[in-house]
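Got the viewer open and a selection box ready? Let's walk through two spots, one after the other.

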Amino acid sequence: MDTDTGAAPAGTNEAPLVHAVDVCKRFHQLEVLKGVNMDVMRGEVVVIMGPSGGGKSTFLRCLNHLEKIDRGTIEVNGHPIGYRRGSGDKLIEESAGVVARQRADIGMVFQRFNLFPHMKVIDNIMLAPMNVRGVSRAAARRRALELLESVGLPQKADEYPSRLSGGQQQRVAIARALAMDPKVMLFDEPTSALDPELVGEVLETMKRLALENHMTMVCVTHEVGFAREVADRAILMDGGVVVEDAPPERFFSQPEHARTRQFLSKIL
Amino acid sequence: MTGSIHPGVLMDFQFPVFFNALNSDLFFVPVLLVIAITLIAQTAGVILGFPMALARISKNPLVHWPVDLYLFIFRGTPLLLQILFISDGTAEFFNNPPLLYPITRNPVVAGTLALALNEAAYMTEIIRSGLQAIDPGQYDAARALGMTPWQLTRKIVIPQTLRVSLPPTVNEYINMSKNTSLLTVIAVTEILATAERQYQANFRVFEILSVAAIWYLLITTILTQLQARIERRFGERQDIAAQPGFATRMLVGFRRPRPHEEPPEDIGGH
């Protein structure tokens, strides 16, 4: 695979890794997603931006079925997520066991880290490989130590999460997700809960993941520097739809839509 | 009055009677019985409380209504009434069939059962608040890792609930040890009943009740020590863990540093 990071992968006829069509969702009266279409190719890094309430986090949570959807299709690696088609295109929700297996291939990193506080760092990372994938303790431990090394925290294996800074906790959370060897990583505002001086270390880890490991990534974030440097595409979501979808250089300098310009004028 | 103080008012504490009673083996079996009933009834309450707490937070009314009704009854009526109900009431109500003899003819069993059923209601609430104290983000993280509901319950929910519920649960053990004294009314020969029987024979009420009080204090002090130890071990906030109790301070003084004064390297290093 080439390491060219500037442009999106050339338009081959390869199927997209994440394929979302007409995704709709409402919370009671409130329509949060009004037909979102989005394709993410293998190895691509997509940054989703937009005002709060625009549906970006909800959409991300739909991608691994942490939220149910009311209409549409989400496929990851060719498999529909969370539902199968019934008669007349009706969505039938899969059982919890099936959904769990589907989620195992989709890594997710949360705004509030969500490490398991009753487990040491190393056990946080080993938990899912051992229980979900059936990996042996020794192999899980070896892999966990490798991952801790790669996020720059090899000496923290036997600490409890509460003894770590926010930035360190988020890097452990990234290692925990990577331990499942996911096909795609979802980042839900991974730096929003961090003190400003800790944002850099997390972005650096994400950057290396994209540039060195060629991980497919969907990131909800407002880190413009990260988007410019790493992303293949930047997307603006507002009012429950995708407003703008462009390479970052065009997205930030000459966006097509007035709504994007308006949003950028507030954050730049 | 210039004479001696009236003997019946203040000075009539007969130390020989007190020390003889304290020294005798009169309370040996009753103390063991109280400890046994406390451990069995409270542990049964904990075991019953867990599924009831899970049922109580269920969204299915057929699952949570029976538990709601149970709590309504067992928290809304006096424990003493429940003890009499189970010990004496069941015999009359069911016309005392041989099947119920283990309960109706054995006050220790009936009393332990009543204490356990009553305690289950309180443990349900303690465990429920422990369940609801779990950050919703924990469920998100476990699900996103591909864990099934059962794996999530076993690896995340139960350990985190136990951590939050443990200190109040040990508190319930302390309460239970004192509540066993209510079993006096159904003729269980626990500490208080033994004391009553004794002072009815020798008419030294104050001395004998003092001895009984000392035995209860011994049991609750041991449990309190245990509680402090558990809270130091499991308490998330090391700095607000239990302070040494009255007995500790009297016995060993203030020499032991309080948890937040320990150097950080020592935390968890025992």
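**Stop one: a hairpin in chain A**

Select β11(A) together with strand β12 (residues 241–246) of chain A: the two run antiparallel and are joined by 5 bridges. Keep in mind as you click around that this is a predicted model.

Now zoom in on where the strands meet. β11(A) and β12(A) make a hairpin with 2 residues between them, and A:Asp238 stands opposite A:Val241 in β12(A). Click on A:Gly239 in the turn, and you'll find a positive phi of about 60°.

Next, add strand β3 (residues 45–49) of chain A to the selection. This strand runs parallel to β11(A), with 4 bridges joining them. For a pair to label, take A:Val46, whose bridge partner in β11(A) is A:Arg233.

Show side chains on β11(A), residues 233–238. How many of its 6 residues are buried? The count is 6 of 6, so to speak a mostly covered strand, by the definition of buried as under 20% relative accessible area. In a regular strand, side chains alternate between the two faces of the sheet. Color by direction here: A:Arg233, A:Ile235 and A:Met237 point one way, A:Ala234, A:Leu236 and A:Asp238 the other way, and all are buried.

**Stop two: chain B, then one of its helices**

Hide chain A and look at chain B as a cartoon. You should see 11 helices and 0 strands. Of its 270 residues, 38% count as buried, and the accessible surface comes to about 15,900 Å², with 66% belonging to carbon and sulfur atoms. If you plot a contact map, look away from the diagonal: among contacts between residues at least 6 apart in sequence, 74% join residues at least 24 apart.

Now select helix α3 (residues 61–76) of chain B. A quick ruler check: at 1.5 Å a residue its 16 residues should span 22 Å, and the end C-alpha atoms are 21 Å apart, which agrees.

Which residues of α3(B) are buried? Pick B:His64, B:Val67, B:Tyr70, B:Leu71 and B:Phe74. Look down the axis of α3(B): these buried residues fall within an arc of 120°, so they line one face of the helix. Bring in α2 (28–56), α4 (79–93) and α6 (107–132) of chain B to see what the buried residues pack against.

Swing round to the other side of α3(B), where B:Leu62, B:Trp65, B:Leu69, B:Phe72 and B:Gly76 are exposed.

Last click: the start of α3(B). There, a side-chain oxygen of B:Asn60 comes to within 2.9 Å of the backbone nitrogen of B:Leu62.

Notes: Residues are numbered from 1 along each chain as its sequence is written. Chains are lettered from A and ligands numbered from 1 in the order in which they are written. This is a predicted model: local features need pLDDT of at least 70, side-chain atom pairs count only at pLDDT 80 or more; totals for chains, interfaces and linings use all residues. Side-chain values use heavy atoms; hydrogens and water are left out. Buried means under 20% relative accessible area, exposed over 50%, partly exposed in between (1.4 Å probe, protein chains only). Contact means heavy atoms within 4.5 Å. Accessible areas come from the Shrake-Rupley method with a 1.4 Å probe; for residues, only the protein chains shown count as cover. Two strands pair if DSSP finds at least two bridges between them. The expected span of a helix is 1.5 Å times one less than its number of residues. The arc is that of the directions from the helix axis to the C-beta atoms. A polar contact is a pair of N or O atoms within 3.5 Å; within protein, one must be able to donate a hydrogen and the other to accept it, and residues adjacent in sequence count only if both atoms are side-chain atoms.
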